[in-house]
Amino acid sequence: MVKYFLGHSVLRSSWDQVFAAFWQRYPNPYSKHVLTEDIVHREVTPDQKLLSRRLLTKTNRMPRWAERLFPANVAHSVYILEDSIVDPQNQTMTTFTWNINHARLMVRLPWSLRAPDRYG
């Protein structure tokens with residue numbers, strides 16, 4: 001079974017505010033499900049793009065069918081890799097996120113693009 005979701009939001013903030021908020025989102029008192037956030041790799045490419053890879057540990061609840069397959073202490077920890085590409089010249093930020101454990105049973109592959117609203 002595959003679930004697909006597409007969402008579109010317009011944030012009424014400047015590029016600088018959205019960019020800064022993305023990097024400051026964890027830790028915060030409203031996201032207690034995020035246990036750790038570690039930067040694994042970061043570099044600036046010759047064309048001035050910032051590439052980053054972060055490792056997050058979260059305690060997201062699994063679907064009920066998956067909770068029956070895992071021991072209670074394992075089912076609640078999820079390790080997530082997040083790759084991001086920031087292009088300050090075009091004011092875009094693209095992120096790819098996927099879980100690295102429990103991947104044989106289910107994989108979550110969110111992708112997002114943050115860019116100025118050129119149409120509004």
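**Exercise 1. Classify Lys49 and its partner Asp47 by exposure, then state how they meet.**

Step 1. Lys49 has a relative accessible area of 27%, so it is partly exposed. This value, like the others here, comes from a predicted model.
Step 2. Asp47 has 45% relative accessibility, so this residue is partly exposed too.
Step 3. Take the side chains of Lys49 and Asp47. They form a salt bridge, with N to O at 3.7 Å. The cut-off is 4 Å, so the pair counts.

**Exercise 2. Which strands does the salt bridge between Glu82 and Arg54 tie together?**

Step 1. Check the contact. The closest N and O atoms of Glu82 and Arg54 are 2.5 Å apart.
Step 2. Place the residues. Glu82 sits in strand β3 (residues 78–87), and Arg54 sits in strand β2. The two parts are 28 residues apart in sequence, so the pair ties them together.
Step 3. Check exposure. Glu82 and Arg54 are both buried. For Arg54 the relative accessible area is 1%.

**Exercise 3. Find the network that contains Arg54.**

Step 1. Look at Glu37. Its side chain meets that of Arg54 in a salt bridge of 2.1 Å, N to O.
Step 2. Place this pair. Glu37 belongs to strand β1 (residues 34–44) and Arg54 to strand β2 (residues 50–58), 17 residues apart.
Step 3. Compare exposure. Glu37 is partly exposed at 26%, whereas Arg54 is buried.
Step 4. Add the bridge from Glu82 to Arg54. Shared partners join Glu37, Arg54 and Glu82 into one network.

**Exercise 4. How many salt bridges are there in total?**

Solution. The count is four. Among them are Glu37 with Arg54, Lys49 with Asp47 and Glu82 with Arg54.

Methods:
Residues are numbered from 1 along each chain as its sequence is written. This is a predicted model: local features need pLDDT of at least 70, side-chain atom pairs count only at pLDDT 80 or more; totals for chains, interfaces and linings use all residues. Side-chain values use heavy atoms; hydrogens and water are left out. Helices (H or I, at least four residues) and strands (E, at least two) are DSSP runs, numbered from the N terminus. Buried means under 20% relative accessible area, exposed over 50%, partly exposed in between (1.4 Å probe, protein chains only).
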